[in-house]
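Trainee: I would like to go through this structure term by term. For each label, I want the value behind it and the cut-off it is set against.

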Amino acid sequence: MSETTTAPTRHDVVVIGAGFSGMLLIHRLRDGLGYDVKAIERGEDVGGTWFWNRYPGARCDFESEFYSYSDNEIQQEWSWSERYAAQPEILEYINFVADRWDVRRSIDFDTSVTAATFDEGRNLWVVETDRGARLEARYLIAATGNLSVPSEPTFPGMESFAGPIHHTGRWPKDGVDFTGQRVAVIGTGSSGIQSIPVIAEQAAELTVFQRTATFTVPAANRPLTDRERQVTKANYPVLREAAKHTRAGILGEQPMGSFAEVDLVLARGELERRWRTTGLGVTATFNDTLVSEEANEFVSQFVRDKINQIVEDPATAKLLEPHDYPIGTKRLALDTGYYETYNRPNVRLVSVRQTPIDRFTPRGIVVGDHEYEFDAIVLATGFDAVTGALERIDIEGRGAAKLAEAWAEGATSYLGLAVHGFPNLFTVTGPGSPAILTNVLASIEHHVEWIADYLEFLRREGIVRTEADAAAQAGWVEQVAELAGHTLYPKAASWYMGVNVPGKPRVFLAYLGGFGTYRAICSKVAADGYPGFLHTTPTHEVTDHDSERVTS
Ligand code: N01
């Protein structure tokens, strides 16, 4: 901890981040349960992901009517214009909720948490910010988001480029006008796939640098009708409740069955239907798409065939065909006219798979012996996902353990909610939870509710310190790894595996048992008195050998 003379402010809970998670934490813990909550937010306003990702074409890929809070007053009052709302509408919604819940008075904006140290003598966290503030709180809750720290590759000569370089995850607030410009986009994950068709419409020339071809399916986005909105609103409670029991926290297309038992002529027709109408439903055609190589190849080839039908230039189509990983094991992208964009005369695709980008120059980008000239460059190169935000904070737990060191071989967690060695710290949608594979709003609501219930339990029982037990955490980590090992997920060099960031350990970061099952596990832990957590009352101090003292 660095030396500082500022007198600390005292709170019950400090929350890091004021996106969807942080706002709900403030509302639930402050307004619902009466805790003194202070949130620290790096941005100048609320919104998190949706505050920073303002790139052209940014929109959600779970249906907006469910990619939103289940607060009944709000869901009855707010009306979504499209099936998948665009970033400005989502941010408008977030601001609407922020006003309604009056969350801003509990948030310090334009402020980053730099360090957090657990004071073992007083059982509280001492939090430091880049503005020199010190805060003390019994509980520290990370609402830092899974995709909040941009991953920016450093190419030689980058600083010499004469034009602007924009990362999709830190897009300028006032937008960027590419009219008449020669623009490069590096990266073809979801952010590249959403922005490329929109930038292509504006720019004079667009060059896309692709290292790995990504599977993407049409979003089939469209305006919602009044009738659709009415029906959803009338049935919200039952629809939200049913979604809690699904694999991904949202009601979607059901699988036809396993690949072996399904008639493949019918399956082909069903894929065709899903391609036209359901977005992410394509990979759910078989219940074993992510387990069986044959099932996966059938779906993968269906999408490759589509690419060849859509893209007119056979060489470009060939480059766009994904062959490096099974479909769905990297996040499936949803697009609006992505493959069609390569039929435009002002768009070209450059593969940097065999010959990587060599360097930037004042004029542009050199690949092999060719210099491409640009007025602006867009980095759609992704995020240091799931763990990146927390590892950048100097978090020191019991016995001066550092979180970044504890996670050096891969993120560990009990239930994705707590980390051994870091008492009174909770992670909303943390590593080892299913959150990144779900409608994240459902996961956020579940975690916030679970944490709120747990804080009430701790208050009632007079417990001043709680910590994930080492054995319980090891069991959970093993279960997460074992489930992943039974699937095709580890075959992809994805951010799910941490592989997109150089040097990051290759560990699967999510629980694959499904959201419904995960919720049931968390509910049972709560109902049984929180086994797997070590509890300390003022006269009972925890040591590393205290596993047997778990209260239940
Ligand atoms: O990031 P990514 P993203 N040279 O990591 C390439 C969510 N999201 O921001 O695959 C050349 O997927 C990299 O290549 P490779 C969603 O969960 C949701 O697009 O590593 N290329 C890849 O093509 C998503 O999964 C929405 O070989 C380089 C790209 O950059 C997650 O965010 C919209 C490179 C990065 O793709 C991340 O998506 C947007 C280099 N040196 C995002 N370094 C919605 O629809 C990296 N790349 C809601």
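What follows is a talk about a predicted model, taken label by label.

Trainee: How do you know that the protein is as compact as a globular protein of its length?

Mentor: Begin with the contents: the protein has 15 helices and 20 strands. Its radius of gyration is 24 Å, and the globule rule gives 24 Å for 552 residues, so the protein is as compact as a globular protein of that length. Along the principal axes, the C-alpha atoms fill a box of roughly 75 × 60 × 45 Å.

Trainee: What share of the residues is buried?

Mentor: Of the 552 residues, 57% are buried. The cut-off for that word is a relative accessible area under 20%.

Trainee: Why is Val185 called buried?

Mentor: Val185 has 0% relative accessibility. Buried means under 20%, so the label applies. This residue lies in strand S8, which covers residues 182-186. Its C-alpha atom is 26 Å from that of Thr387, and the two residues are 202 apart along the chain.

Trainee: Why is Thr487 called buried?

Mentor: The value for Thr487 is 17%. The limit is 20%, and 17% is under it, so Thr487 is buried. Thr487 is found in the loop between helix H14 (470-485) and helix H15 (515-527).

Trainee: What makes the pairs around the side chain of Thr487 polar contacts?

Mentor: The limit is 3.5 Å between N or O atoms. A polar atom of the Thr487 side chain lies 2.7 Å from the backbone oxygen of Ala484. The side chain of Thr487 also reaches the backbone nitrogen of Tyr489, at 3.1 Å. Both distances are within 3.5 Å, so both pairs pass on distance.

Trainee: Why is Asp102 called partly exposed?

Mentor: Asp102 has 39% relative accessibility. Buried is under 20% and exposed is over 50%, so 39% falls in between and Asp102 is partly exposed. Its place is the loop between helix H4 (87-101) and strand S3 (107-108). Its phi is near 50°, a positive value in a residue other than glycine.

Trainee: Which label does Val386 get, buried or exposed?

Mentor: Val386 counts as buried, at 6% relative accessibility. Its phi is also positive, near 65°, and it is a residue other than glycine. Val386 is found in the loop between strand S16 (376-379) and helix H11 (388-391).

Trainee: What makes Glu461 partly exposed?

Mentor: Its relative accessible area is 44%. That lies between 20% and 50%, so Glu461 is partly exposed. Glu461 lies in helix H13. Glu461 and Thr537 are 76 residues apart in sequence and 8.3 Å apart in space, C-alpha to C-alpha.

Trainee: Why is Trp171 called buried?

Mentor: Trp171 has a relative accessible area of 5%, under the 20% limit, so it is buried. Its place is in the loop between strand S7 (165-167) and S8. The C-alpha atoms of Trp171 and Asn53 are separated by 5.9 Å, with their positions 118 residues apart along the chain.

Trainee: Now the ligand. Which residues come nearest to it?

Mentor: There are 23 residues around the ligand, and Ser191, Arg211, Thr212, Lys330 and Trp495 come nearest. By class, this shell has 9 nonpolar, 9 polar and 5 charged residues. Helix H5 (residues 190-202) gives the most to the shell, with 3 residues.

Trainee: How do you know that the ligand lies between two domains?

Mentor: Domain 1 (9-149 + 385-544) and domain 2 (182-233 + 255-379) both give residues to the shell, so the ligand lies between them.

Trainee: What makes Thr212 a polar contact of the ligand?

Mentor: A polar side-chain atom of Thr212 lies 2.4 Å from an oxygen atom of the ligand. The cut-off is 3.5 Å, so the pair counts. A backbone N or O atom of Ser190 lies 2.9 Å from a ligand oxygen atom. For Gly189, a backbone N or O atom is 3.5 Å from an oxygen atom of the ligand. On its own, the ligand has 920 Å² of accessible area, and the protein covers 87% of that.

How values were computed: Residues are numbered from 1 along each chain as its sequence is written. This is a predicted model: local features need pLDDT of at least 70, side-chain atom pairs count only at pLDDT 80 or more; totals for chains, interfaces and linings use all residues. Side-chain values use heavy atoms; hydrogens and water are left out. A residue is near a molecule or strand if one of its heavy atoms lies within 4 Å of it. A polar contact is a pair of N or O atoms within 3.5 Å; within protein, one must be able to donate a hydrogen and the other to accept it, and residues adjacent in sequence count only if both atoms are side-chain atoms. Accessible areas come from the Shrake-Rupley method with a 1.4 Å probe; for residues, only the protein chains shown count as cover. Helices (H or I, at least four residues) and strands (E, at least two) are DSSP runs, numbered from the N terminus. Ala, Val, Leu, Ile, Met, Phe, Trp, Tyr, Cys and Pro count as nonpolar, Asp, Glu, Lys and Arg as charged, and the others, Gly among them, as polar. Domain bounds come from an automatic or database domain assignment. The radius of gyration is taken over C-alpha atoms; the globule rule is 2.2 Å times the number of residues to the power 0.38. Buried means under 20% relative accessible area, exposed over 50%, partly exposed in between (1.4 Å probe, protein chains only).
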